[in-house]
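Please report on the fold below: its buried charges, its strands, its core and its loops.

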Amino acid sequence: VGGLPDGIVDADMLAANAVATAKIADDAVSEAKLETSPQQGLAKAWVNFNGTGTLAIRDSFNVSSVTDEGTGDYTVNFAANALANANYCITGSISWSNGSRNILSVASETGGNSVAPTTTALRLESVNYGNGNQYDADYVSIAVFGD
């Protein structure tokens, strides 16, 4: 029922029959149709790093570096694209230690003093849930959502 015959589609035919933006403008997804900004739902930064020994970033987006602040204490530094404000959402995970549950804490440092997130960096610590001691985690992963 119409269309192109089987076996004759090549790159030239695809280019000649490409869909132009003007042809789909009425059906295009827009912020007004979504009733929200699609950018709000995207991670503004994320990182997966090895928190033991010499820190090593395995992969990342919008993260320039991770600083070792001591045992189980890290600062994640954002790259050139700083966040619009420091009221962003942080989610993450860390690897287990010796079979016990662990906690990834945001905005903390050794001694219990809070360090608030900024538009260019955030502070993390990995803590053993059983004994409350900080430890260097093999796997630390975080994602940041915000403006």
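D73 and R123 are both buried. In this predicted model, their side chains meet in a salt bridge, with 2.9 Å from N to O. A search of the whole structure finds one salt bridge. D73 sits in strand β4 and R123 in strand β7, so the pair ties together parts that lie 50 residues apart in sequence.

**Overall layout**

The chain has three helices and eight strands. Along the sequence, the pattern reads α-α-α-β-β-β-β-β-β-β-β. Of its 147 residues, 29% count as buried. The chain exposes about 9,100 Å². Carbon and sulfur atoms supply 51% of that area. Take the contacts between residues at least 6 apart in sequence: 57% of them join residues at least 24 apart.

**Strand β7 and its partners**

How many residues of β7 are buried? Eight of its eight residues are, and the strand is mostly covered. Both of its faces are covered. One side carries A121, R123, E125 and V127, and these are all buried. The other side carries L122, L124, S126 and N128, also all buried. R123, on the first-named side, is the residue that meets D73 in the salt bridge.

β7 runs antiparallel to β4, and five bridges join the two. Here D73 stands opposite E125 of β7. Thus D73 has E125 across from it in the strand pairing, while its side chain meets that of R123. β7 also runs antiparallel to β6, residues 102–106, again with five bridges. In that pairing, L124 of β7 is the bridge partner of V106.

**The four-stranded sheet**

Four strands form an open sheet in the order β2-β1-β8-β5, and the pairing is antiparallel. β2 (56–61) and β5 (89–94) stand at the edges. Each has a single partner strand, so one side of each is left without a neighbour in the sheet. From one strand to the next, the twist averages 10 degrees.

The table lists the pairings within this sheet, each with one pair of facing residues.

| Strand pair | Bridges and sense | Facing residues |
|---|---|---|
| β1 and β2 | five bridges, antiparallel | N50 opposite A56 in β2 |
| β1 and β8 | six bridges, antiparallel | F49 opposite V140 in β8 |
| β5 and β8 | six bridges, antiparallel | G92 opposite I142 in β8 |

**The nonpolar core**

The largest nonpolar core has 19 residues. Which residues have the most contacts inside it? They are F49, V66, V76, L122 and V144. Five strands each supply at least two residues of this core: β1 (43–50), β3 (63–70), β4 (73–78), β7 (121–128) and β8 (140–145). L122 belongs to the core and is among the buried residues of β7.

F49 deserves a separate look. Leaving out residues up to four places away in sequence, F49 touches L55, A56, I57, R58, V66, Y74, V76, D138, Y139 and V140. Two of these, V66 and V76, are also listed among the residues with the most contacts inside the core. V140 is among the contacts of F49 and stands opposite F49 in the pairing with β8. A56, another contact of F49, stands opposite N50 in the pairing with β2.

**Two loop residues**

N62 lies in the loop between β2 and β3. Is N62 buried or exposed? At 10% relative accessibility, N62 counts as buried, because the cut-off for buried is under 20%. The phi angle of N62 is near 60 degrees, a positive value in a residue other than glycine.

A82 lies in the loop between β4 and β5. Its relative accessibility is 44%, so A82 counts as partly exposed. Leaving out residues up to four places away in sequence, A82 touches T119 and T120. The C-alpha atoms of A82 and A45 are separated by 9.3 Å, with their positions 37 residues apart along the chain.

**Recap**

The salt bridge between D73 and R123 links β4 with β7. Those two strands are also joined by five bridges. Both strands supply at least two residues of the largest nonpolar core. β1 and β8 do likewise, and both take part in the open sheet.

Technical notes. Residues numbered from 1 in each chain as written. Predicted model: local features only at pLDDT ≥ 70, side-chain atom pairs only at ≥ 80, totals over all residues. Heavy atoms only, no water. Core = buried A, V, L, I, M, F, W, Y, C linked by side-chain atoms within 4.5 Å. Buried < 20%, exposed > 50% of the residue type's maximum accessible area, 1.4 Å probe, protein only. Contact = heavy atoms within 4.5 Å. Salt bridge = Lys/Arg side-chain N within 4 Å of Asp/Glu carboxyl O. Areas by Shrake-Rupley, 256 points an atom, 1.4 Å probe, with all protein chains shown as cover. Pairing = 2+ DSSP bridges. Axes fitted to C-alpha atoms, helices over the stretch in contact; angles between N-to-C directions.
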